[in-house]
Structures are given as C-alpha cells and as structure tokens.
Amino acid sequence: MYFNIKYCFIIILLISVSLQAQKSNRFERLSEEELLKYYDSTADLDSLQFIANRYLELAKASNDKIKLARGYDLMARVYDTDTNLKYADSIIQVSKNLENHKNYPAIGYLLKGFYYYIKDDFVNALVNFEESEQFILKNDFEKILTYRLGVSAIHKLIGSSSIEFQKRTLQLIEDQDDFELVYYDAFFNICEGIAYSYLDLNDLKNAEFYFLKGQKLVDKLNLDDYESFIFHDRGILAFENQDYDSALDFFNKASVSDFDLSKRITFLIDRANAKQLFGNYAGAKKDFIRADSLFVDSGVFPEQLNDLYSFLICDASDSKNFEMQQVYIDRFIRVQNEEKSRFEELNKYINSKSNSLNHSSAIISKSEFNKAGFVFLLIIATLLLFVLIILFIKRAEVADKFSMLLEGGFLFRGPDPKNKDTSQKVQQAEQVVTYEQKDADSTLDLGIDVVVVKDILKKLDDFEAKKEFIKIGGLRNVSSHLKTNSSYLSKVINAYKKQSFANYIHELRIAEAVNKLKSDTILRSYTIEAISKEFGYSSAESFSKAFKRITNLYPSVFIKNLG
C-alpha cells in the first residue's frame, strides 16, 4: 500500500469556482457579482470570511437557490474543518433538488468528502465522494477527476483500490488535449498508484510498466521536483525483485528533504529495510531511529510502521536496553490501535459493497452464453479437424495432468514435472502444500532472534489456515498484516518455505483454487476473470499464467475436464 496521497489534496483546486475579492471595507456596497469578482485575489482570511458572509446575506435576501448554494460554498472554504463541513452540508440541502446544474449539489458532496478525509473519517469521506458522482455532469472533467482521485485515495489506504478504476481515471486524463501541461501531477500520481497496486499483487512486470509511464512524462517536461519520487519508486521495485543492491543505490540517490513528512518517514523505513538486507545493520538502525523520531513528533500515521517498531523492539532486546524496548512496544501498540480505529469500519464498508457486487456479476447468463456460443461455433467450424487432431495428440498428456490434480499432486519443486510417476508427484505436492519446515531452533543463521523466527512461523501457519493469502498479497502488505518486519518475513520464507515470497503466495492461492474448483460446481460456472478475483488475482491473465506454471494446466482446461 504505497499510494502517494498528496494528489488527493488537489481536490479543492480542481473544484474551485472562479471567485475573486479585494480587501476593502467597500465590500458592503458591492453587488453579488462584484463580490465574486474579487474573492480570488486575496489570501487574507478575514477578507475572505467577510466577503463570504456578505454574499450569503445577499443570497438569502434574494431567496435564489443557486446563489444560496454559492454562498454556502464560499463559507465552506474559509473556516475550520468542522465549520466548513456544516456549510458544505448546507450546499447540499439548498441545492439537492436542482437538476443538471454544473456545480451544485456536486461540489457540496466533494467538499464533504474532502473534509471528512482530513478528519480521518474515511467511511463518510468515501460515501460523499461516491454520492457526488450522480450529480456530476458527464462533460465536467475536473469534477469527475476530483471524484475519482478521492475514491482511489481512500481505497488505497487499505490496499483495496481497483486497478481498472485507476486505469479508467488515467485514460480520462490522457483524453484531455492539454493533459501533459495541466494534469501532469494527477497523471504521475495515478501511474504511481496503479504501479503500487500491481506491486501489492506481486505483478512486478505491470508495476514497472506504470512506474516508467509516469516517469516518461516527468522526463519529457523536465520536472526536477519529481526526481526523488522516481528514485524511491525504482528502489521499491528493485527491493520487491530482491535486488537489494540496486534498491539501496536508488534510495541513496533520493533526497529525503524532497518529501512531505509522512512520505519522509515511509522512505526512511524503506531505505532501512534495504540496508538491513544488504548487511548494513548500523545504517538501517540509524534510518529506523530517525523515522521513529519524525513519527513521534509529527502525529501522522504513514506506511510500514510495523517494520519500524518490529526492528527497534528486537534491537533494544538484543542490546538489553529494556527501558527503550518498552517504549517501542508502547508505540507499536499505539500504532496498532490507531490503525484499527481508523480502518476497521472502512474495511467493513468497502468489503460489504464489494462482496455484493462480485457475487451478482460473476455467473454467466445462460442466454448470453448460448448466443455467444452459437456464433463462436460458426467461426471455428473450419478449424474443427485441426483441433480434433491436436486434442487427440494431447489427450493422454492432459488426462495424466488432470488425474494428478484430482489426487492433489500438482505443485512441483525439484524433479521434472513431466515425469509420469504420479505417486512421486503427489508426494511432492503434499510437501509443498503443507510446507514441511525446519524447526525454528535449527542452526539456520538468518541474523534474526529465534523467538522472532518462531513468532513469524506461527503467524504464517495462522495466515495459511485462515486463508488470508487470498485477500492479502505483496510482501509489505503481508508483513504489515502479520505485524512483523518485511525483511524478516522474506528471510524466513526463503529459509523455511524454500521459495521466494511471491512463489509462496502464488502456490497457496493456486492450491486453494484447485481445491475449490474440484468441489464447487457454481464456482466452475464463473468466467475465468471472475474466478481469478475469487483467489486474489487482478486479472484472468495473471491467474491463468500462475495456474499453468504451477499445475501444468490452464484453468479452463482443468474446469472443462471436471465436467
């Protein structure tokens, strides 16, 4: 979950109406149009408040709904967050019955979404952003963009943002004639958001594609302000590829001072993790301590705080500094409680909507299938003979693979999967599915306290038993969920599961898919795209590739043979 939330704060800029003002006691004599004319030319808060109040007074006297909405709009921008929220709600109340107005009540909902976001009330923020959509005119690009940025920002807080939703937002930006000059910031941040969403799904190829897409525009416009963000992104990508040398090189090229406070803490933690895996323990400790200092003084809650405090707690224990260990434990507990209070309700709200939508859209309509099937049969009729020949040649091979899947032997590690000894393959599969482990007390030198290793292995057992791997993917997301350090988690999986983290997640998901498909006839009637979503994949393509690599059969072939 790496989304650069800063672009959410262009919301106010995007939806600002053309309003101007000038500091003067003559405002009382100005008409509504003259008040609007001068509103935008002053940054003096007293003047802005006076103009807003005066305009609202005149609007009430005219009893014009649009003018009233505009008056509350002015008021909703110049006070504290709670007061602004009340005025934003007033915009909605006076304009909710307007039809096809270009600004209202859409602006009221967008403002409420923005202010609730500032207050960390993410459920109400999301509700209001989503509510605004029905009132935004189809050709009002700036409000459409504002709505989509707000929704994406909130979803990414819990790692649930739809990649397709973000891609559609990116396409809308690219469709604008002047997007490179006007919307380059939103373009870069959406590209970055899509890339991090793919990282969450262990899809490094697509992540790299979107990182580079954003970088190309930045390079084209010579935007030096983005240089450190690009180095950070490239460092993260190298880290996920387990190229810790390159990751550290990119991180060292970035300037910490270029980031805002929250991003600065996240960057220091990312760099510390890379230093730790590269063997620079002292350098990692220095960055972790610096990140802790910034966090304590800031009050913000950035990414990867679990990494931060799991390291500092273990380090204090190793150095027998039990006083500081308790301090770090207290901060860690505070972080967990804060995250729970901030995101628990948001998770429930998003999941409740997601579950109802996914279930209703997954099964293919029989009538649609029959029509499509008829056309399809006509098209492929001339290829039938060729297909039959190929099927005849492949029949024995497919039948062998299929029977092996039904017996549970499908995950290969070591011996050639083309070996026809089914019993040997079943035995190999059982070893993978159960993840036969070495005891944590063995002499494996990971540079991690044995107590920590045992704790991670126990948490992984629970992670597998509860099948949490379906919804949670990506090294950082899983480490955050298990409340451990991502570098520790990677080392433990490499040592005790005998595979990379990405393969570990893929094998768990595909094993679950095979088992569910064997027993669930309704699931087998889903499209491959829908099935892929059931097991944590972003697309049918990525699911099919993983399924084929692990089982030696494509999912469509497996389902067909199930009948």
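A salt bridge is a side-chain nitrogen of Lys or Arg within 4 Å of a carboxyl oxygen of Asp or Glu. The legends below describe close-up views of a predicted model.

**View 1. A salt bridge joins E164 and K167 in helix α9**. The closest N and O atoms of this pair are 4.0 Å apart. Helix α9 covers residues 163-174, and the two partners sit three residues apart in it, about one turn of the helix. An α-helix has 3.6 residues a turn, so residues three or four places apart point the same way. K167 is partly exposed, with a relative accessible area of 25%. The structure holds 22 salt bridges, and further examples appear in the next two views.

**View 2. R54 and E57 form a salt bridge within helix α3**. The N to O distance between their side chains is 3.3 Å. Both residues belong to the helix spanning residues 45-62, where three residues separate their positions, about one turn. R54 has a relative accessibility of 18% and therefore counts as buried, the cut-off for that class being under 20%.

**View 3. Helix α28 carries a salt bridge and a set of buried residues**. The helix runs over residues 540-551, which makes 12 residues. From the first C-alpha to the last it reaches 16 Å, close to the 16 Å expected at 1.5 Å a residue. E541 and K545 lie four residues apart in α28, about one turn of the helix, and their closest N and O atoms are 3.2 Å apart. E541 is exposed, at 52% relative accessible area. The buried residues of α28 include A540, F543, F547 and I550. Just after the helix, N552 takes a positive phi of about 75 degrees.

**View 4. E240, D270 and R476 are linked in a network of salt bridges**. Side chains of opposite charge can pair when their charged atoms come close. E240 is found in helix α13, residues 227-240. The side chain of E240 also makes a polar contact with that of R476, at 3.4 Å. Is E240 buried or exposed? With 13% relative accessibility, E240 counts as buried.

**View 5. Y109 and F135 form a stacked aromatic pair**. A pair of aromatic rings is described by the distance of the centres and the angle of the planes. For Y109 and F135 these values are 5.4 Å and 5 degrees. Y109 lies in helix α6 (residues 106-118), while F135 is in the loop between α7 (122-132) and α8 (141-157), so the pair ties together parts that are 26 residues apart in sequence. Y109 counts as buried, at 13% relative accessibility.

**View 6. F209 and Y210 form an edge-to-face pair**. The ring centres are 4.9 Å apart, and the planes stand at 85 degrees to each other. The two residues fall into separate accessibility classes: F209 is partly exposed at 47%, whereas Y210 is buried at 10%. The count for the structure comes to 25 aromatic pairs. Elsewhere, ring pairs link F229, F251, F259 and F267 into a cluster.

**View 7. Charged ends of arginines sit over aromatic rings at R148 and R509**. The charged end of R148 is 4.0 Å from the centre of the F165 ring. For R509, the ring is that of Y537, and the distance to its centre is 5.5 Å.

**View 8. A cis peptide bond joins Y104 and P105**. Most residues other than glycine have a negative phi, and most peptide bonds are trans. Omega of the Y104 to P105 bond is about 10 degrees. P105 is placed in the loop between α5 (81-95) and α6.

**View 9. Q242 and K483 have positive phi values**. Q242 is not a glycine, yet its phi is about 60 degrees. It lies in the loop between α13 and α14 (244-253) and is partly exposed at 35% relative accessibility. Phi of K483 is near 60 degrees. K483 belongs to the loop between α23 (475-481) and α24 (486-496), and its relative accessible area of 37% makes it partly exposed.

**View 10. The cysteines C191 and C314 are buried**. C191 has a relative accessibility of 1%, and C314 has a relative accessible area of 14%. How many disulfides does the structure hold? The number is zero.

Definitions and conventions
Residues numbered from 1 in each chain as written. Predicted model: local features only at pLDDT ≥ 70, side-chain atom pairs only at ≥ 80, totals over all residues. Heavy atoms only, no water. Phe/Tyr/Trp six-rings, centres within 6.5 Å; stacked < 30°, edge-to-face > 60°. Helix = DSSP H or I, 4+ residues; strand = E, 2+ residues; numbered from the N terminus. Buried < 20%, exposed > 50% of the residue type's maximum accessible area, 1.4 Å probe, protein only. Lys NZ or Arg CZ within 6 Å of the ring centre and 35° of its normal. Disulfide = S-S within 2.5 Å. Expected span 1.5 Å × (residues − 1). Polar contact = N/O pair within 3.5 Å; in protein donor to acceptor, adjacent residues only side chain to side chain.
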